[in-house]
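Me: Please take a close look at one part of this model and work outwards from it, explaining each term as it arises. I should like a connected account rather than a list.

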Amino acid sequence: MNPLTLFKQLLCCATMAASLSCEAQTYRYNTKFQVLASNFVETIPIEMRDHQIFVTVQVNGRPFRMLLDTGSGQGITYTNSAFPYRRVLGKIDSYDANGNMRKTDVVELPEFRLGGIAIRNYPATLLDSHVSHKDYDAVLGFDLFNKGLSCKIDTQEGVMILTDKPNYFENELGFPVKYRLERWSPHIKVTPFPGCTDEARFDTGSRRLYVMSMKSERQFSIQRADFASQVEGRSFGQRAIGSFGVERANEVAFLWLDALEWGGFSFQDYHTMTTQGISRVGAEVFDYGAVIIRPKQKLLVFQPFSCSISSMVSNEQMSIAFVPKDGRPSVGLIWEGGRHYRCGFRQGDIITGVDEQVIFSFAQFLSYPFIKGQEYRFRLKGVDGMERIVVSER
């Protein structure tokens, strides 16, 4: 063979090999995992705790707890989790709740059983250990529904009804909203004030009923001069903890909404705040009704427990947020109009102890057995280095 021809062939093979190697290192989102059942309607027990929805799955007869997170396009597992994985599929650009992006590994989970349904080759983003997921082993993402499975989540009954029958829920009444997929998660339009439409991610991984992006708040303030009546205060700080860290410090608006409308249903008298990430409707919505996910029609249908067109929320404003700072718990955000400020908390305080227990880490602070309505003695170290005691509820 001509040496030049041989060289060209070797070069071509090397180029192809490099191309295949590059391809193997890139994971493209897909729903090719297998649901080993057909023509089924499965009723799966769920647990609602601290406005998070959990399901128990079985891997080789061993139970694991998964968070149902519609804000995640696919599953998630963690480097320190006991949930096993079979192999690495490649890398993907992964975004957290604050919009931060990192390139992370995607792994294939072993076959697991969700109720009576076996799921095989399920992909999951592999993230570093994170203190906020201490109550569960892995995440079940919205790809379960992008696969085409319809679902009804009813926390009052404590069940998730899952089916591959596309028209199974079509005759159920409620308040429907269309959703569109962005990064493979559902986004819906809600109305937080007359004449103001906000696109929010339907994110059961987020606890609060609704948080508004700072971008939307600024837009509405320009769009409607009377929107200012919904702002009860402003502060500067950080509260949202994403998979890749805490959001940067910025302005936060504390909102007191007359009503939040979802497809004709009204959540009235609702306190919330802005976030630097996107607007979100979270799992607190399940305090007021069930939600049906119909992927064929790209519909979310809210079914109020009250059988009415509105619910009174009348919640207390969140007036303090704790975030990790150099591994220690600190006050990342405080509202001067709130009770925690009146008790003596200040921006930047480090929590060094609760009652008689010394607090060494943010993870330890999160795991402290706080009881709602009970007062505690917080030992604080201020930004000036001075230490003091504050008596307050958590």
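The account starts from one strand and follows its partners to a pocket, to a group of aromatic rings and to a neighbouring sheet. The part in question is strand 24 (residues 265-275). How many of the residues of strand 24 are buried, and which strands pair with strand 24?

Reply: This is a predicted model, in which local features need pLDDT of at least 70 and side-chain atom pairs count only at pLDDT 80 or more, whereas totals for chains, interfaces and linings use all residues. Residues are numbered from 1 along each chain as its sequence is written, and side-chain values use heavy atoms, with hydrogens and water left out.

Helices (H or I, at least four residues) and strands (E, at least two) are DSSP runs numbered from the N terminus. Nine of the 11 residues of strand 24 are buried (under 20% relative accessible area with a 1.4 Å probe, protein chains only). Strand 24 is therefore largely enclosed by the rest of the structure.

Two strands pair if DSSP finds at least two bridges between them. Strand 24 is joined to strand 23 (250-262) by eight bridges in the antiparallel sense. The two strands form a hairpin with two residues between them, where Gly 263 takes a positive phi near 55°. Beside this turn, Trp 262 has Phe 265 of strand 24 as its bridge partner. Further along, Leu 260 is bridged to Phe 267, again in strand 24.

Strand 23 also has a partner in strand 20 (residues 231-237), to which six bridges join it in an antiparallel arrangement. There, Val 231 and Leu 255 are bridge partners, the latter in strand 23.

Parallel pairing is found too. Strand 19 (residues 210-213) runs parallel to strand 24, and two bridges connect them; Met 212 has Thr 274 of strand 24 as its partner. Strand 28 (residues 310-312) is likewise parallel to strand 24, with three bridges, and its residue Met 312 stands opposite Gln 268.

Strand 23 leads on to the second largest pocket. Strand 23, strand 18 (196-202) and helix 3 (214-223) each contribute at least two residues to its lining. Helix 3 gives the most, with six residues. A pocket, on a 1 Å grid over the protein atoms alone, is an open set of points where a 1.4 Å probe fits, with protein on both sides within 12 Å along at least five of seven lines; lining residues have an atom within 4 Å of a point. The space in this second largest pocket is about 330 Å³, a volume being the space filled by probe spheres set on the joined grid points. It is lined by 20 residues, of which Ser 213, Lys 215, Ser 216, Gly 277 and Ile 278 are the closest to its centre.

The hairpin also takes part in an aromatic group. Phe 175, Phe 202, Trp 262, Phe 265, Phe 267, Phe 286, Tyr 288 and Phe 302 form one aromatic cluster. Rings of Phe, Tyr and Trp (its six-membered ring) pair if their centres lie within 6.5 Å; planes under 30 degrees apart count as stacked, over 60 as edge-to-face and the rest as tilted. The count by this rule is 30 aromatic pairs. One of them is Phe 142 with Tyr 179, whose ring centres are 5.8 Å apart and whose planes stand at 85°, so the pair is edge-to-face. This pair links distant parts of the chain, 37 residues apart: Phe 142 lies in the loop between strand 12 (138-140) and helix 2 (143-146), and Tyr 179 in the loop between strand 15 (175-178) and strand 16 (180-182). Phe 142 is buried, with a relative accessible area of 0%, and Tyr 179 is buried as well, at 5%.

Strand 15 belongs to an open, antiparallel sheet of six strands in the order 2-14-13-26-27-15. Strand 2 (41-45) and strand 15 are at its edges with a single partner strand each, so one side of each is left without a neighbour in the sheet. The partner of strand 15 is strand 27 (residues 299-304), with four bridges in the antiparallel sense. Within this pairing, Val 177 has Leu 300 of strand 27 as its bridge partner.

Conventions:
Buried means under 20% relative accessible area, exposed over 50%, partly exposed in between (1.4 Å probe, protein chains only).
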